[in-house]
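Here are a few exercises to help you get to know a new structure. Try each one yourself before reading the solution.

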Amino acid sequence: MKQPEILAPVGGKEQLKAAVFAGADAVYLGLRDLNARRNADNFSEEEFLEAAAFCHEREVKVYAAVNILIRDNESESLAKTAELLCRGGADGVIVQDLAAARFFRQCTDLPLHASTQMTIHNRAGLRALEALGFCRYVPARELTLDEIREMAQSTAMQTEVFVHGALCMSVSGCCYLSALLGGRSGNRGLCAQACRLPFTARGRDHALSLKDLSAIGQLAALTAAGVDSLKIEGRMKRPEYVAAAVAACKNARDGLPWDETGLRRVFSRSGFTDGYLTGKRDLSMFGWRTKEDVTAAGEGFLSSLRETYRKETPHIALSAKLTVTRDQSVFTLSDGVHTAGAAGEGGETPKTAPLSAQNARRAAEKLGGTPYLLSDFTLENPDGLYLSAAALNGLRRAAAESLSRQRREAKRTFVPVRETFAAAPHRFSGFVLRFPDEKRYFPGEYRRAIVPAEAILRQPSLFLPDKEKITAELPALIFPGEEEEWRQKLRQLKALGFSRGLCENLGALRLLTEEGFAAEGGFGLNLLNSPALQSYRELGLRGATVSFELRGAAVRALQTPLPLRLPVYGFLPLMKFRLCPLQGESGCGGCEGRGVVTDRKGVDFPVRCEGRRFSVLYNSVPLDLLAKDFSFADEGLLYFTMESRAECRRVYDCALAGKTACAAHTTGLFDRAVY
């Protein structure tokens, strides 16, 4: 069985050295912008080229993180990034946004890796990625080992899994807490980690903070499940952390003892958890950074870790050949792929003894300061000549330098393509009402209604009269064991005459199109730019809800023929959980599926359970743009969640009248920048 690679996080030059010298097979890093850790040191243009050459010389792969949502005005920056990555010969590019994927696919031959921010958590999502040309994906971190195995064994793409480091409370790609509360978007690489603040739920502190993941004890099982890459989180962490995590993963992968105590000392939040992998999603997964955690990594301990990566351990085996004649001496080095040689002065008649193979090999082995070690050596000295140590050392150095230059060179193709997008005129044509269930549904003259598919199937007679204007909403998360069930439910809806479905991610979109539904996009698709809208249109999308992280002016500027739907009212979802913060010591027992999480200022944020499959954290007050001018959109979305039926009607009336529905409300990011 092929061993999976160990993939290390690199936030700067010191972390790069620590990762490589500790034994990482690959690293992932970001440039100064367009990556999900924009607060890390990251790499300038010159630093990236040097880092890529340094890694390639040592047979370490370099993956570049361009894993944020792209704005339309960042196309030049994206092109510059792509050209640089090709010049440095990056081995892959990690993306979240289909706009970035589209650009790299059109302009480069860089392998595409799907970030965990793409919320890929089922087999349908994998089929969508395959159609888009991806070769690797990172599944959602909330999956169990069995679910990862099921996905990995159903695709030819490589599977990359996080095995150590920080865990987000929210399913990745579904978190807007930092953006809505502080204007710093996690989808744009500037998460403020608001979830680490002291939120409380059911009397528990830090109710949105999880322990760090450590699945190092599960590496053998992950390998057997078909995982190709073992990924360490931590581009914001110190070099000592990187070295310790890489060493632990390397030892565990190779069946050797590894130091869990040392890992905990260098960084943890009340210890570690593997609860998602094992399916033990309970209170034991929660934790936060305590004073004891901070003081555990004393200077003496950190100094000892630095010693582990201070010197490079040679690991690239070379064969060497020295040929000595009276005319010249030639020294050749080969790694099996690259061959480099150096020629110098010829040999001399020996005064005492000719150059022996033993002495020549001893000189050839002096490869200190390089990643090389000598395995095979051949001496051809047919005339029994002598060659001085100085001459031999010069030949070895010149050959090694030439070989390194060859190994460091790794370029890819960049062909700039400038794409323009057709834009249809957008005229406001009415409101779309999203109802949370059948109890709050009411028919009306509005343009369209969105209703959860399960609600329709519970009481189809209520909805059949309006089936032409009803869109069936799929759950925001459908895990592998639920896919076939949802395929059957879609077929039931189709038999009843419903033909439109709403999706929040690539997997749900694929399910809808495979079952012949006209697909509409929810704001979970994070639609922020014109190229992504075009890509989703090509995948079968027939209408799009734009991200509520966009300013109104940016929505107006989008270039797309797709009908655009703008959220104008509703309690916006801030997070989606597979580990609910409302659970108690006995899990979900006794919970009615509703409660609140309270911040340090006493503000309550509602949490609602979705059939005990996942739960959602909502903003404390609703978005209300009803008095704003949003006529540049095709439709206004009234996103009902917790309102009573009477309240839904009242808000709809306010929308028709163009007046604010709630005294306590937010205008979200409609008029303010999100970074």
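**Exercise 1. Decide whether Lys628 is buried, partly exposed or exposed.**

Solution. Start with the value: in this predicted model, Lys628 has 33% relative accessibility. Next, recall the cut-offs: buried means under 20%, and exposed means over 50%. Lys628 therefore counts as partly exposed.

**Exercise 2. Find the salt bridge that Lys628 makes and say which parts of the chain it ties together.**

Solution. Look for the partner: the side chain of Lys628 meets that of Asp671 in a salt bridge, at 2.5 Å from N to O. Now place both residues. Lys628 sits in the loop between β26 (623-624) and β27 (635-639), while Asp671 belongs to the segment after α22 (645-657), so the bridge ties together parts that are 43 residues apart in sequence. Finally, check the partner's surroundings: Asp671, with 41% relative accessibility, is partly exposed too.

**Exercise 3. Work out which helices are linked by the salt bridge between Arg123 and Glu150.**

Solution. Begin with the contact: the two side chains, Arg123 and Glu150, come together at 2.2 Å, N to O. Arg123 is in helix α5 (residues 123-131) and Glu150 is in helix α6 (residues 145-152), so this pair links distant parts of the chain, 27 residues apart. As for accessibility, Arg123 is partly exposed at 21%, and Glu150 is partly exposed at 32%.

**Exercise 4. Describe the salt bridge between Arg361 and Glu365.**

Solution. The distance comes first: N to O, it is 3.0 Å. Then take each residue in turn. Arg361 has a relative accessibility of 26% and counts as partly exposed; Glu365, at 41%, is partly exposed as well.

**Exercise 5. Put the salt bridges into the wider picture of charges.**

Solution. Count the bridges: the whole structure holds 50 of them. Some share partners, and one network formed in this way joins Arg127, Arg487, Arg491, Arg510, Glu514 and Glu515. Then turn to the charges: the protein chain carries 88 positive and 80 negative side chains, and the centres of these two sets are 2 Å apart.

**Exercise 6. Judge how compact the protein chain is.**

Solution. First, list the elements: 22 helices and 27 strands. Second, compare the radii: the radius of gyration is 29 Å, close to the 26 Å that the globule rule gives for 675 residues, so the chain is as compact as a globular protein of that length. Third, look inside: 59% of the 675 residues are buried.

Note on methods: Residues numbered from 1 in each chain as written. Predicted model: local features only at pLDDT ≥ 70, side-chain atom pairs only at ≥ 80, totals over all residues. Heavy atoms only, no water. Helix = DSSP H or I, 4+ residues; strand = E, 2+ residues; numbered from the N terminus. Rg over C-alpha atoms; globule rule 2.2 N^0.38 Å. Buried < 20%, exposed > 50% of the residue type's maximum accessible area, 1.4 Å probe, protein only. Lys, Arg positive; Asp, Glu negative; His and termini not counted. Charge placed at Lys NZ, Arg CZ, Asp CG, Glu CD. Salt bridge = Lys/Arg side-chain N within 4 Å of Asp/Glu carboxyl O.
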